[in-house]
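Please open the model in your viewer and keep the sequence at hand, since each stop on this tour asks you to select a few residues and look at what surrounds them.

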Amino acid sequence: MLELDFCLVFDAASDEEFFSALPSKPAVCLLELNDSNAEPLLIRTQDLRRRLQRLLGPPDPTSKRLNLRALARGVKYRAVGSTFEQSLTYYQHAKKLFPQRYRDLLRMRPAAVLKVSLRNAYPRCYVTRHISVDSLGAPTAGSYYGPFPSCGAALAFANRALDFFKMRRCQIKIRRDPTFPGCLYSEMKMCLAPCFAGCSKEEYDAEVQRFVKFLESSGESLRATFESERERASDDLDFEHAATLHKKVEKLDEVLRGRPDLARRIQALDAVILQRGAGDQVVAAYRVQGGKLCEPFFLPFGEIASQPRSTEQILRNYLDPAIDAVTAAQSSIAPPNASETPGAAQMFEQLPLAKGELSEHLWLVARWFYSNPRSGEIFFREKNDWPYRRILRACSRLLAPPEPPTAPAAN
């Protein structure tokens, strides 16, 4: 948990000294009141000193602005280096202090995802904001894909992707009645039509598994099928069929280009978010593992130069602690400073997930990813490996001083 690591006692008689000790930086602050039964005030601000001067400064009799000068006992705060760190800190403390209404405080709305409910005898793909989880906090009762920026974006992607499959899109209860008239999709041969027994249960299940595999592989499974069929048609000199398959590949590429990079199978959403830290020359790394946020790891580049390990080795220990331990065992050397650099797996174990927390973590990640403008960078784990060189270059960009604004050209 990102603790509020600074504490100051407020005394109205020496308020100037109190205000001068506060940083003029973005922060999350907890304002405690004299009455022990009173509810504390949790705020987030872009300028902590200015905000508290308004709350705790001498009251203006002509103003209706809230003033707690006569009620405040002290403050606890945490200076943050990024909007993402501020949102995560505020979320953690709001949930701890106000468990009944923290979602309202954050204006939280779970992220939109696609779900294929495998508990249904004839599954379909639909948009939802609810993710069912098991006792360990892992998604269950189906396959989930996302998150998307909105329900409309998720639905648009699903409709375009389903054009390549013959899964049902209706919401009716399937009874397999041969007298049922069917729908437009069955007339256009875009659905296997289980409603009037147009296919067997096994045939429909095979089509569902094709679609689930398509989502889990981000479209690569279907692309490989089309390309192999196209090559086979070319070898058989069936150029007309090969041209049809080539158009399908182009259409598939167009559909996949509209897929956000963040939208993946939830269990396979493995990424690291890099943000500027609050300290000097500090980068914060936030691991996303299976859609769940691990505790951040802070890289103080000003101190790393004096350590025996390189920055890449420290990152490897955080992102791949198991591999780092195996490498150390093979060399018969204990990982240096292992206790000082906990891996993401260890940090994740320290953050138990209750019911609904997976959706909340996805909301935090999606809210940052789809924000405009977006600060920081994100990197995904591809083929069980991390792009360490690209991550290090991104750290350099985050630590670089901002470019001065360009002066307008003279007329």
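Begin by selecting E231, which in this predicted model belongs to helix α8, the run of residues 220-235. Is E231 buried, partly exposed or exposed? Its relative accessibility is 44%, and because partly exposed covers the range between 20% and 50%, E231 counts as partly exposed. Now add D235, D236, D238 and E240 to the selection, and you will have the residues that form, together with E231, a negative surface patch.

From helix α8, step back along the chain to S218, which sits in the loop between α7 and α8. If your viewer reports backbone angles, look at phi of S218, which is near 55° and thus positive in a residue other than glycine. Most residues other than glycine have a negative phi. A second stop of this kind is A197, in the loop that runs between α6 (184-187) and α7 (201-216). Here phi is about 60°, again a positive value although A197 is not a glycine, and with a relative accessibility of 33% A197 counts as partly exposed.

Next, turn to the peptide bonds. Most peptide bonds are trans. Select G146 and P147, and you will find that the bond from G146 to P147 is cis, with omega near 0°; P147 itself is part of strand β7, residues 143-148. Then move to N372 and P373, where the peptide bond is also cis, with omega near 5°. In this case P373 lies in a loop, the one between α14 (357-369) and β13 (377-380).

The last part of the tour concerns the aromatic rings. A pair of aromatic rings is described by the distance of the centres and the angle of the planes. How many aromatic pairs are counted in the model? The count comes to 17 aromatic pairs, and one of them joins Y145 and F148, a tilted pair with 6.1 Å from centre to centre and 50° between the planes. Both Y145 and F148 are buried. Keep F148 selected and add F157: the centres of these two rings are 5.7 Å apart and their planes stand at 35°, so this pair, too, is tilted. F157 is buried, as is F148.

To finish, select F84, Y286, W368, F369 and Y370, which ring pairs link into a cluster.

Methods. Residues are numbered from 1 along each chain as its sequence is written. This is a predicted model: local features need pLDDT of at least 70, side-chain atom pairs count only at pLDDT 80 or more; totals for chains, interfaces and linings use all residues. Side-chain values use heavy atoms; hydrogens and water are left out. Patches are made of residues with over 30% relative accessible area and no salt bridge: like charges are joined within 9 Å, nonpolar side chains (Val, Leu, Ile, Met, Phe, Trp, Tyr) within 5 Å. Accessible areas come from the Shrake-Rupley method with a 1.4 Å probe; for residues, only the protein chains shown count as cover. A salt bridge is a side-chain nitrogen of Lys or Arg within 4 Å of a carboxyl oxygen of Asp or Glu. Lys and Arg count as positive and Asp and Glu as negative; His and the chain ends are not counted. The place of a charge is taken as NZ of Lys, CZ of Arg, CG of Asp or CD of Glu. Helices (H or I, at least four residues) and strands (E, at least two) are DSSP runs, numbered from the N terminus. Buried means under 20% relative accessible area, exposed over 50%, partly exposed in between (1.4 Å probe, protein chains only). Rings of Phe, Tyr and Trp (its six-membered ring) pair if their centres lie within 6.5 Å; planes under 30 degrees apart count as stacked, over 60 as edge-to-face and the rest as tilted.
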